[in-house]
Amino acid sequence: MNQLEALKQHSTVVADTGDFLQLAQFQPQDATTNPSLILKSVQKPDYAPLLAQTVARFGGRPSDEIVDRLLVRFGCEILAIVPGRVSTEVDARLSFDTAATIERAERLMALYQAEGVPSDRVLIKIAATWEGIEAAAQLERRGIRTNLTLLFAFCQALACAQARVQLISPFVGRIYDWHKKQAGSQWDEAARAGAHDPGVQSVRRIFEYYKRFGIGTEIMGASFRNCGQIVALAGCDLLTISPELLAQLAQPVASTDALPRALDADAARELDLQPLQHDQASFRLALNEDAMASEKLAEGIRAFCADSVRLEQLIAARQGR
């Protein structure tokens, strides 16, 4: 048994990619996408026809609608391969507009339903801003399941729990990146690896709190930089992993030792923790006090906004505008 198969004994494995032609070999349960991954895929020869077909079919429609239709086209292709769910992201430019986020999420879901995809196979990804979390709370009440992304701070996880969202995606690798950059030459890779990795520690804290208080929101570790981070979170509800790291995990290993469960829900239920909650003011203050989370959230939104613009530019170029 390789590490990937061993990992599947403890956590649901999710593929983090728009490159759906790679999916079958890893047999993930679910898949996640974002504008950056779709942009990367449509610039490859294998996927360029999907962009051309979408533009040809819906040319003349507003560019944001064509982007959504392209995202759904990729989502449908992915769902033909994975047995579970696909996550499709709302335009990050709406991250601070609750009403617009709800409207766009409902449009994405309507496009999936028009393709015959049941609502329980789609998660709508939304940035975990206060406005995004409020939008998710309303969408959940309307039967649309959400995945709150760009999650770096414990206050974001608390607010998502209060909103009863379906799933959160705490970002391991980007937290690691920030701390490594801050430490500079003082960074000790060996000392901050595995369970001591700051990104891993962030997810563990959320996992232990959620399990201690019986919070039903699923936790999906995301944004990994190496296999050690993934192994250190074995036992997390779900782990979304790039094809490159999935390939590394799938390599044959000489050792016959079992991959141990790193996160244990039963043990977490015995922890002495105090329940916490946030209103809007305390959420914003807590996020502001967390320099890493504030910086990485803003950076992530900017990057996804830029890639949404690039997708629209590709579509405009196809239409000869």
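A cavity is a set of grid points where a 1.4 Å probe fits but cannot get out, and its lining residues have an atom within 4 Å of a point. In this predicted model, Glu89, Val90, Asp91, Ala92, Leu94, Ser95, Thr101, Ile126 and Ala127 line the second largest cavity. This briefing covers the cavities, the largest pocket and the aromatic contacts.

**Enclosed cavities**

- Three cavities of 30 Å³ or more are found when the whole structure is searched.
- The largest cavity has a volume of about 70 Å³, and its lining consists of Pro35, Asp64, Val67, Asp68, Leu71, Glu89, Val90, Asp91, Arg93, Arg104, Ser308 and Glu312.
- Two elements, helix 4 (63-79) and helix 14, each give two or more residues to the lining of the largest cavity; helix 4 gives the most, with four residues.
- Sorted by class, the residues lining the largest cavity are four nonpolar, one polar and seven charged.
- The second largest cavity holds about 40 Å³ of space, and its lining has five nonpolar, two polar and two charged residues.
- Glu89, Val90 and Asp91 appear in the lining of the largest cavity and also in that of the second largest cavity.

**The largest pocket**

- The largest pocket contains about 540 Å³ of space.
- It is lined by 32 residues, of which Asp16, Asn34, Leu37, Arg174 and Ser242 are the closest to its centre.
- Two or more lining residues of the largest pocket come from each of helix 2 (35-42), strand 5 (146-151), strand 8 (238-241), helix 11 (243-249) and helix 14 (291-318).
- Helix 2 gives the most to the lining of this pocket, contributing four residues.
- The lining of the largest pocket comprises ten nonpolar, 14 polar and eight charged residues.
- Helix 14 therefore gives two or more residues to the lining of the largest pocket and also to that of the largest cavity.

**Aromatic pairs around tyrosine 209**

- A pair of aromatic rings is described by the distance of the centres and the angle of the planes.
- The structure holds eight aromatic pairs, and one of them is formed by phenylalanine 154 and tyrosine 209, which meet edge-to-face at 5.4 Å centre to centre with 90° between the planes.
- This pair links distant parts of the chain, since phenylalanine 154 lies in helix 7 (residues 154-163) and tyrosine 209 in helix 9 (residues 198-212), 55 residues apart.
- Phenylalanine 154 and tyrosine 209 are both buried.
- Tyrosine 209 also pairs with phenylalanine 213; their ring centres are 4.8 Å apart and their planes stand at 55°, so this pair is tilted.
- Tyrosine 209 has a relative accessible area of 6% and is buried, because buried means under 20%.
- Phenylalanine 213, at 27% relative accessibility, counts as partly exposed.

**Other ring contacts**

- Phe20, Tyr47 and Phe74 are linked into a cluster by ring pairs.
- Over the face of phenylalanine 154 lies arginine 205, at 3.8 Å from the ring centre.
- Over the face of phenylalanine 58 lies arginine 69, at 4.0 Å from the ring centre.

Conventions:
Residues numbered from 1 in each chain as written. Predicted model: local features only at pLDDT ≥ 70, side-chain atom pairs only at ≥ 80, totals over all residues. Heavy atoms only, no water. 1 Å grid on protein atoms, 1.4 Å probe; cavity = no way out; pocket = protein on both sides within 12 Å on 5 of 7 lines; lining within 4 Å. Points joined across faces, edges and corners; volume = space filled by probe spheres on them. Nonpolar A, V, L, I, M, F, W, Y, C, P; charged D, E, K, R; others polar. Phe/Tyr/Trp six-rings, centres within 6.5 Å; stacked < 30°, edge-to-face > 60°. Buried < 20%, exposed > 50% of the residue type's maximum accessible area, 1.4 Å probe, protein only. Lys NZ or Arg CZ within 6 Å of the ring centre and 35° of its normal.
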